[in-house]
Amino acid sequence: MSPTPPGAYRPAADHWGTFTKLSKRLPEGSVAVVDRTVARLHPGLIPALEARNPRAILQLVGGERAKNFETLQKVLAGGLTLPRSGTLVAVGGGTIGDVATVAAHLLKRGVRLVQVPTTLLAAVDSSLGGKGAVDMSVRGAVVKNPVGVFHYADETWICPELYTSLSEVQLREGAIEAWKMAVCLDGDLFRRYSRKPPPLQRLVKDARRLKENVCAQDPYEQTGLRRVLNFGHTFGHVLEGLSRFKLSHGDAVGLGMLCALDVGRLLGVTPQDVAIQVEEALNRGLGILGRDRIAALCKRAALKDVTTLLAADKKAGKAGELRMVLLSAIGAFDIKDVTENDWRTLWPAWTRGILP
Ligand SMILES: NC(=O)c1ccc[n+]([C@@H]2O[C@H](COP(=O)([O-])OP(=O)(O)OC[C@H]3O[C@@H](n4cnc5c(N)ncnc54)[C@H](O)[C@@H]3O)[C@@H](O)[C@H]2O)c1
Ligand SMILES: [Zn+2]
């Protein structure tokens, strides 16, 4: 059997431990891309990398603004001397991971990639599943992720000590993405979470197992199965946009899940008792922001802005209908086309912060 080409789908190979211990796995002569903030907060990180005689260590400012061609070019320039068998290591959140994934795909038509997610969101979501992308400025507006690749990591290092410097909001945002997977894909697990929220390491393990299982069945997003990972994202993106990105992505998804429960009930997909149970678990167990935050954002919004934000949603179909992931039970989902008339029915309740 021929070896798997660089970046082609392979099951996640997760290694748990401290960064210092895991860095000993790194082949000599690699190139590392490191979020500068993480390097500052965890001073042992750069010396541990240096001990492996890397070709280069690039420290970059993480954050959405890092996801552009300029940063990509820096990473490519830093990685130019890597041989095809060489390794690029990405140490950072989803933004550093996404840019490094694109770079790993382009360098020598594909080099080895090691992901070291340093945010909870990256650990449970973005470092798994092969996707990398950069944002682009189109006529003055930033478009998210229009240019990207699939390039699966060879290894992922999960270093729990790195998560100790994350803020409460960052931890909640990662947890929201993890609970999102549980509620759609594993009813028993979600009910367990509802009774007692899991410790962080358990949450990471569970989420990675669930996402891996989805990606293994649809590694290149061809069957539509991966859409399930967008639960809560349709109206989540709208709320994120309406807040002018003051609301964190995760918090927006938390509220977006409430909207999806409402749409599900309206269309007869989500049974009433399921919607109530899930909303309560999200409020109490996870501490999502409440419906009053939905109201505060929707009240001030012009409907045409909402329509524009929804149209930009990559899940919108040809006729502008929204393709939404809706819960049919705890642990089961359905994908439905949702019309403007449907969500407009719910709008008055959303602007008042009450259950429709
Ligand atoms: N590829 C995918 O499948 C996928 C999936 C979901 C999200 N994403 C992408 O991920 C990005 C968001 O990821 P993110 O939330 O990790 O963002 P991020 O990389 O911008 O990190 C958020 C902030 O946290 C800081 N940070 C990182 N690690 C830290 C640590 N250990 N302690 C303290 N601060 C730390 C960063 O410097 C940054 O300021 C978005 O661009 C999104 O599009 C990609
Ligand atoms: Zn998300």
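Is E321 buried or exposed? With a relative accessible area of 17%, E321 is buried, since buried means under 20%. This residue and the sites below are shown as close-up views of a predicted model.

**View 1. The zinc ion (ligand 2) and its protein donors E177, H233 and H249.** The glutamate E177 binds through OE, while H233 and H249 each offer NE2. These protein donors lie 2.0 to 2.1 Å from the zinc ion. Along the sequence, the donor residues follow the spacing E-x55-H-x15-H. E177 belongs to helix α7 (residues 168–185) and H233 to helix α10 (residues 233–242), so this pair ties together parts that are 56 residues apart in sequence. Both E177 and H233 are buried.

**View 2. The surroundings of ligand 1.** The shell around ligand 1 holds 24 residues, and the closest are D35, E64, G94, T95 and T119. By residue class, the shell divides into five nonpolar, eleven polar and eight charged residues.

**View 3. Polar contacts of ligand 1 with T118, K144 and L162.** One nitrogen atom of ligand 1 lies 2.7 Å from a polar side-chain atom of T118. In the side chain of K144, an N or O atom is 3.1 Å from an oxygen atom of ligand 1. L162 takes part through its backbone, where an N or O atom lies 2.9 Å from a nitrogen atom of the ligand. Of the 870 Å² of accessible area that ligand 1 has on its own, the protein covers 83%. Two or more residues of the shell come from each of the elements α2 (36–41), α5 (94–106), α6 (120–126) and β7 (141–150).

**View 4. Aromatic pairs, including W179 with F190.** Ten aromatic pairs are found in a search of the whole structure. In one of them, the ring centres of W179 and F190 are 5.8 Å apart and the ring planes stand at 90°, so the pair is edge-to-face. W179 lies in helix α7 and F190 in helix α8 (residues 187–195), and the pair thus links distant parts of the chain, eleven residues apart. W179 and F190 are both buried. Elsewhere, ring pairs join Y9, F150, Y152 and Y220 into a cluster.

**View 5. N145 in strand β7.** N145 is not a glycine, yet its phi is positive, at about 60°. The residue is found in strand β7, one of the elements that give two or more residues to the shell around ligand 1. N145 counts as partly exposed, with a relative accessibility of 34%.

**View 6. F245 in the loop between α10 and α11 (249–266).** Phi of F245 is also positive, near 65°, in a residue other than glycine. The relative accessibility of F245 is 57%, and the residue therefore counts as exposed. Helix α10, which comes before this loop, is the helix that holds the zinc donor H233.

**View 7. E321 in the loop between α14 (303–312) and β9 (322–329).** E321 is the buried residue of the opening question, at 17% relative accessible area. A302 is 19 residues from E321 in sequence. In space, the C-alpha atoms of E321 and A302 are 19 Å apart.

Definitions and conventions. Residues numbered from 1 in each chain as written. Chains lettered and ligands numbered in written order. Predicted model: local features only at pLDDT ≥ 70, side-chain atom pairs only at ≥ 80, totals over all residues. Heavy atoms only, no water. Donors = N, O, S within 2.8 Å, 3.2 Å for Na, K, Ca; no water. Helix = DSSP H or I, 4+ residues; strand = E, 2+ residues; numbered from the N terminus. Buried < 20%, exposed > 50% of the residue type's maximum accessible area, 1.4 Å probe, protein only. Near = heavy atom within 4 Å. Polar contact = N/O pair within 3.5 Å; in protein donor to acceptor, adjacent residues only side chain to side chain. Areas by Shrake-Rupley, 256 points an atom, 1.4 Å probe, with all protein chains shown as cover. Nonpolar A, V, L, I, M, F, W, Y, C, P; charged D, E, K, R; others polar. Phe/Tyr/Trp six-rings, centres within 6.5 Å; stacked < 30°, edge-to-face > 60°.
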